[in-house]
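Visitor: Could you walk me through this structure and explain the terms as we go?
Guide: Gladly; let us look at it together.

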Protein chains: 2
Amino acid sequence: MINFQTSPDQYKHWKLDIAGPVATLSMDVQEDETLAEGYKLKLNSYDLGVDIELADAVQRIRFEHPEVMAVVVTSLKPRIFCAGANIYMLGSSSHAFKVNFCKFTNETRCAMEDDSRHSGRRYLAALNGTASGGGYELAIACDEIYLVDDGNSAVSLPEVPLLGVLPGTGGLTRLVDKRKVRRDRADVFSTLAEGLKGKRAKEWGLIDDYFPRSKFDDSIKTRVQQLVAQQTVAGPGIKLTPLHDYKYVKLELNREQRYADLTIVGPAGPQPTTPAEIQEFGDSYWALQAYRELDDVLLSLRVNEPEIGLVCLRTQGSIESVLSVDQTLSANRDHWLVREIILNMARVLRRLDLTAKSFFAIVEPGSCFAGNLLELLLASDRSYMLMDSDAALAASEMNAGALPMSNGLTRLQSRFLAEPDKLDEVFGEKKSFDTEEAEELGLITFAPDDLDWEDEIRVAIEERTSLSPDALTGMEASLRFAGPETMDTKIYGRLTAWQNWIFQRPNAVGPEGALTNYGKPTQAHFDFKRT
Amino acid sequence: MINFQTSPDQYKHWKLDIAGPVATLSMDVQEDETLAEGYKLKLNSYDLGVDIELADAVQRIRFEHPEVMAVVVTSLKPRIFCAGANIYMLGSSSHAFKVNFCKFTNETRCAMEDDSRHSGRRYLAALNGTASGGGYELAIACDEIYLVDDGNSAVSLPEVPLLGVLPGTGGLTRLVDKRKVRRDRADVFSTLAEGLKGKRAKEWGLIDDYFPRSKFDDSIKTRVQQLVAQQTVAGPGIKLTPLHDYKYVKLELNREQRYADLTIVGPAGPQPTTPAEIQEFGDSYWALQAYRELDDVLLSLRVNEPEIGLVCLRTQGSIESVLSVDQTLSANRDHWLVREIILNMARVLRRLDLTAKSFFAIVEPGSCFAGNLLELLLASDRSYMLMDSDAALAASEMNAGALPMSNGLTRLQSRFLAEPDKLDEVFGEKKSFDTEEAEELGLITFAPDDLDWEDEIRVAIEERTSLSPDALTGMEASLRFAGPETMDTKIYGRLTAWQNWIFQRPNAVGPEGALTNYGKPTQAHFDFKRT
């Protein structure tokens, strides 16, 4: 069982130092502290365990240290910033693990960019040594990149020439779409094992500047001071305590049948209504705790339960209570903590969109698919709602833009691409819909009556779990993201899909493949047929 | 050697009837007329040979029958429109062939949509029987879809449930992006082997209407008459004669070194300058013939020369002559034939963008990378231009929008995403650039001098052809399409990449895979781990 929870006092590979408005995240990977056996994490190379700490650190900065305005990402190792994902780990991992590892790494980088875009925190990659592969991909997830100019240190994406795979955790897409590096230069750079050093790297737009070693620390400090001076200070933060037993999430695994029942329990009891009260509730506030639990369970399902192909999503609680939480969130969205709580909800929901499992939403009397929890239904591949006058769905302001998908649309916009007028109906006078109304409006897929209900759900589950899991993954990745594409969807769609393909190919992972033979006395031999 | 050239008198599987403004394209696949051995094309299922005829027919309608305003796509078989790509053909094909087959099929469907969008010709799918899989994908490439209502005929995408692969020739993307079918309905439809019949298919937006068999032909006729009445008539057409020996394209294969030299020869001698003269030149007009030859050679390289991983693109001729052709084309772009010639150029260049081989442009004195041919350089992964005062590049109005990439941008816009001001420089007073100017402006990648020239090119070729062909395909597919995505790029990027992945997976093509076992007494068995 891989555990995605950690905290700074347990970090093995990162140090998180907070000094007023500046956080320094220093990578100091411990070679032997690996998540699995058979490899050593040399040269600040990383495995999933290293990235789980990074994801935690970014999350904690947002909630625990809102006063931080700039995050310096650097390394404590001399002459090396980060050598990227560990090759021997990749070479010895299952295909499914490689894919999930890359997805999580991508999500962590998107979380940094989300912080930058929405919370205004600036990320600086202070490359005090070479950043190669995933190391450079981590750097381009930052807002600014500075490289030491010592005659040796370089930035590079050596995956294609050395390993026969892609810089697949956002690298290629961010190169041409975020940093807008000219495609011919990106082509040269991505096939150059040794990468580029200071002057040319800057000229080509791969870094923002370079400084000699003697002036490196001071130059970074100066730049950080400029950034910090421009910004305003929020705080104080709240503590993110460990999630022990879930309070708002119930998971029932039906491993034999390859599906899981996942229930989210709505808020109960008195809820805070002002920022001050929310601050007092801290991480026990339903809107934060329920989504932290949901995030954790999704991550665990991905890597610990690969054979679970279908998740039946249920909710349980009072629609009014969910809507009342949404009202509080909407009314106070400008407060830093409320903003972070909403942004976290959005990230968790995007994690669900990007999870390679089928989701069916099941709506019955007593469920509370309302407002933010309505997004769970909208994110599902299908929904089944019992034809019963006591079952209801309800929309809130939170469905109108606060929780966008990776493609920039709300899930309702995505759903009603063909009939945008329906959005007005959803957000009209009447924001609550019984089964008949929900069906008429097109909010749900099926509305079986009491007689058919159990059979229909059972058959739907049996049918879904009998299908090819690969075909379902490809199908869902195509159907879930209608409409526009963004850098994020390009990373998860185009780049990831190509990498997944390459990760299966004999030229990478066969006995003569480049990934298999990396670092061995044997050499890779390619089948040169172009596909 | 697969030959992509054909003509209606050679068609085995399609009938093309022209009656004034209405063309009828009827599918009547001959079971035994297959491109390879080991399968029969039952139930109007198709292989690459069938699609080559369809592509030819669409091309001929545009050039030979500009008076056609509506194209009815239907079948001569009773009760079946088209059963899609032949499963046994897919099951017995190499991975590379499957991928190239799907790409060509996608391109043919995009060519129909290109005709509809830019030339105003309306495509009607008259489904006189079931359209399943690729058959329905062909239908959704049309503007309107009508299904016979006979209690049996249905539309379906049974790939996921029956074969464990995707409806990968545009199906899933067109479902949610073109027809904007709600994603939960698309999910249900794409997992329902038997598909949906008239009423529900219409309700879900899968078809535009349905008619009983007794009224089917008349209803189609009525609709066609409505479409035809709204439009204006062009013509007369020009004849597309067979391409025998290439006149403007020279191909030299260096199979041992796995690269090809491809030279496009510019226009020479007197060129037409008015539509009437162009009409007289017909398909021997350089702007049409050179691009038809280039199209043919690209298609042949893809399927007949899989081990050629790199194409060195050269041009030869007079820059002034190319620019003069561009001037004629630009000045007369509203004439139907000129419009078709330009649109054909654009399609051929997009075919190049989508070809899974590396392209290096090589610029020397005597070359003519100008105007429309400058696009070849801009489409290349890299360019090398000899530092010589006699070498030059030149821009024309044709580089400013007439030849867009699949993502909707011009290749210059794509190139200068980071520096859009450079576009003004390219299109300023001075439209011709020597090597130094081209380098300064960022039009080229490298500008070696005479001393280094041959070595640098040789080393670049050796390096490129030594890399993993799979990694290069994935890398180029990511770097070539910076900026926005469109339905087309989603089909070629997201959907195709996922399908390529699935086409490699044991659950599809392994001994126990669904594709392998289709139609056999044995059953597929899946590894249910979700990836």
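**Two helices and an interface**

Guide: In this predicted model, H20(A) passes H20(B) in a left-handed crossing.

Visitor: What makes a crossing left-handed?
Guide: The near helix is turned anticlockwise from the far one by less than a right angle. The axes of H20 (residues 487-504) of chain A and H20 (residues 487-502) of chain B cross at roughly 35° and come within 8 Å. Axes are lines fitted to C-alpha atoms over the stretch in contact, with angles from 0 to 180 degrees between N-to-C directions. Helices are DSSP runs (H or I, at least four residues), and strands are E runs of at least two.

Visitor: Which residues make the contact of H20(A) with H20(B)?
Guide: Among them are Tyr492(A) and Trp498(A) of H20(A), and Arg494(B) and Trp501(B) of H20(B); contact means heavy atoms within 4.5 Å.

Visitor: How many residues does each chain bring to the contact between chain A and chain B?
Guide: Chain B gives 85 residues and chain A gives 85 residues. Together they bury about 8,200 Å², 58% of it on carbon and sulfur atoms; buried area is the accessible area (1.4 Å probe) lost on being put together, summed over both parts.

Visitor: Why is the pair of Asp184(A) and Arg415(B) called a salt bridge?
Guide: The rule asks for a side-chain nitrogen of Lys or Arg within 4 Å of a carboxyl oxygen of Asp or Glu. The closest N and O atoms here are 2.6 Å apart, so the pair qualifies. Across this interface the rule finds 16 salt bridges, and the structure holds 98 over all chains.

Visitor: How do you know that Asp143(A) and Arg122(A) form one too?
Guide: Their N to O distance is 3.5 Å, therefore the rule is met. Arg122(A) lies in strand E7, 21 residues apart from Asp143(A).

Visitor: Which conventions apply?
Guide: Residues are numbered from 1 along each chain as its sequence is written, with chains lettered from A and ligands numbered from 1 in the order written. Local features need pLDDT of at least 70 and side-chain atom pairs 80 or more, while totals for chains, interfaces and linings use all residues; side-chain values use heavy atoms, leaving out hydrogens and water.

Terms used:
Buried area = accessible area lost by both parts, 1.4 Å probe.
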